[in-house]
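Got the viewer open and a selection tool ready? Let's take a walk through this one together, one stop at a time.

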Amino acid sequence: MAACTALFLTSCSGAPSQDSEQTGKGAVSNNAAPGQAPGEKADAKPLGDGGALYPRAVRLRHSGEANGRVLASSVSHKGGDGVGEIQESTDGGGSFRHVGTVSDEKAADGKGLCCATLYELPQQVGDMPAGTLLWAASFGQDEKPEPRMTIRVFKSTDHGRNWSPLSTVATAPNAKGLWEPEFSIDAQGNLVCHYSDETDPRHSQKLVAVRSKDGVSWSGPRETVTSKLESDRPGMAVVRKLPNGTYVMTYEICAAGGKYACVAHLRTSRDGWDWGDPADLGTRAETEDGKYFLHAPNLAWAPEEGNPQGKLLLVGQAMYHKDGGRADGSGRTIWINSKGGEGAWREIPAPVAVKSDKLDSCPNYSSSLLPSEDGREVLEIATDYDGGVCRPYFATGGS
């Protein structure tokens, strides 16, 4: 695995990479076309005016008068300093403006920053009330003379305007990587952080989780997905909870070769902490005709009329046919499943049509999906090349 560089984030779980400078800061953008009908797909617009990667989006639901606002985060690099950019939309994702920045000396001066996540607490954790925002990322992959990576957590109590350090989830015991943090709340009310771990010499990479009663002290780690093959690389966990209490995790498993290398997988848990035998690699997500996603899957839950358990939406970097050939709709398709992830998924057009077909850490890499409150639309934020710069774009379409 190539580490995430200060100029361009490479894949933290197995995709190849290229170098490209990242510059710029978020600004107002608007994707609402004149005369656009409700639910009609708008042309994608850039999120900010410069390069950024690894987008995430949340709609505030536990923040009082701020409920309904959409907050988006991305990672950019300015003069060698890695920072988290926070954008806000007050019109449901029609336009965004820059409202905050997460910065830390551990990502300054070329030390490296990768693969951040954004999360609104749905309930009180320790002394943090519901509505507290958490942001976490991988720090220090390019630190000299030898990296000692950490996953660090920051919090905001003013809807993303200001951020302060909260805790360190994990510190690498060697020069290997800790990547792609993801938050959830387990059935006991603990804050759980899932991440990809390269530091175990028995595994090229594995998925683990730690948990905390207060967001400050963390217990674990507990393995969630490993492989009997040392070369396999489970990574990029995303977790969503269904109304019936079931937790669904999506992740990729990169391998030495074969058409299913880095294919999107699924598994479930009844309590959000015990995911069963870690050596059980789960099931591949597939359509009725055998299409599958490769690389950087992301998952969202949405309500669905007549279905108490709602529906799941899935996106991956690239879509392939059963025979291993690249599908025509790759980069322009998301999937829906109304059975909690079981059985076949169905295809719908993606709001953002990603043009580049490169398999590096820019085009459609870990795109963010945020369904509307009624589940009939979905806001997507996806990255694509603009010349030599990787930029996030956003648009809303029907789901």
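## A walk through the model

Start by selecting Pro-221, which sits in strand E14, residues 219-225. Keep in mind as you go that this is a predicted model. Now add Gly-220 to the selection and look at the bond between the two: the peptide link from Gly-220 to Pro-221 is cis, with omega about 5 degrees. That is worth a pause, since most peptide bonds are trans. For a second cis bond, jump to Lys-144 and Pro-145, where omega is near 5 degrees. Pro-145 belongs to the loop between E8 and E9.

**Next stop: Val-210**

Go back to Gly-220 and pick Val-210 as well. How far apart are the C-alpha atoms of Val-210 and Gly-220? They are separated by 4.7 Å, with their positions 10 residues apart along the chain. Val-210 is part of strand E13. Its relative accessible area is 3%, so Val-210 is buried. Show its surroundings and you'll find contacts that include Val-169, Leu-191, Trp-218, Pro-221 and Trp-273.

**Into the core**

Two of those neighbours lead us inward. Select Leu-134, Val-169, Phe-183 and Leu-191: these have the most contacts inside the largest nonpolar core, which has 33 residues. Colour the strands that supply at least two core residues each, and you'll be lighting up E3 (53-59), E7 (113-120), E8 (133-139), E9 (150-156), E10 (164-171), E11 (178-185), E12 (191-197) and E13 (206-212). Which strand gives the most to this core? That's E11, with four residues.

Zoom in on Leu-134 and show what it touches. Among its contacts are Thr-117, Tyr-119, Met-128, Val-153, Trp-163, Phe-183 and Leu-191. Apart from this core lies another one, of 18 residues, including Ile-86, Leu-113, Leu-133 and Phe-154.

**Rings in view**

Switch on the aromatic side chains, since the structure holds nine aromatic pairs. Begin with Trp-135 and Phe-154: the ring centres are 6.0 Å apart and the planes stand at 70 degrees, so this pair is edge-to-face. Trp-135 comes from strand E8 and Phe-154 from strand E9, so to speak two distant parts of the chain, 19 residues apart, linked by one pair. Both Trp-135 and Phe-154 are buried. Add Phe-139 and you have one aromatic cluster made of Trp-135, Phe-139 and Phe-154. Then select Arg-152, which lies over the face of Phe-139 at 5.8 Å from the ring centre.

For another arrangement, move to Tyr-292 and Tyr-320. Their ring centres are 5.9 Å apart with planes at 15 degrees, so the pair counts as stacked. Here too distant parts of the chain are linked: Tyr-292 is in strand E19 (residues 292-294) and Tyr-320 in strand E22 (residues 318-320), 28 residues apart. Are these two buried or exposed? Tyr-292 is buried, and Tyr-320 is as well. Before leaving the rings, find Lys-358, over the face of Tyr-385 at 5.1 Å from the ring centre.

**The largest pocket**

Turn on a surface and select Arg-61, Tyr-119, Glu-120, Arg-240 and Lys-241. Of the 35 residues that line the largest pocket, these lie nearest its centre. The pocket's volume is about 1000 Å³. Elements giving two or more residues to the lining are E3, E7, E11, E15 (233-241), E20 (298-304) and E25 (368-371). E20 gives the most, with six residues.

**A detour to Val-83**

Now pick Val-83 in strand E5, residues 81-89. Val-83 counts as buried because its relative accessibility is 9%, where the cut-off for buried is under 20%. Its contacts include Ser-74, Val-75, Thr-101, Val-102 and Leu-113. Select Asp-104 too: from C-alpha to C-alpha it is 7.5 Å from Val-83, and the two are 21 residues apart in sequence.

**Last stop: two backbone oddities**

Most residues other than glycine have a negative phi. Cys-262 isn't a glycine, yet its phi is positive, about 70 degrees. Look for Cys-262 in the loop between E16 (247-254) and E17 (263-269). With a relative accessible area of 5%, Cys-262 is buried. Finish on Asn-364, another non-glycine with a positive phi, near 60 degrees. Asn-364 lies in the loop between E24 (346-349) and E25, and it is buried, with a relative accessible area of 2%.

Terms used. Residues numbered from 1 in each chain as written. Predicted model: local features only at pLDDT ≥ 70, side-chain atom pairs only at ≥ 80, totals over all residues. Heavy atoms only, no water. Core = buried A, V, L, I, M, F, W, Y, C linked by side-chain atoms within 4.5 Å. Buried < 20%, exposed > 50% of the residue type's maximum accessible area, 1.4 Å probe, protein only. Contact = heavy atoms within 4.5 Å. Phe/Tyr/Trp six-rings, centres within 6.5 Å; stacked < 30°, edge-to-face > 60°. Lys NZ or Arg CZ within 6 Å of the ring centre and 35° of its normal. 1 Å grid on protein atoms, 1.4 Å probe; cavity = no way out; pocket = protein on both sides within 12 Å on 5 of 7 lines; lining within 4 Å. Points joined across faces, edges and corners; volume = space filled by probe spheres on them. Lists of a residue's contacts leave out its neighbours within four places in sequence.
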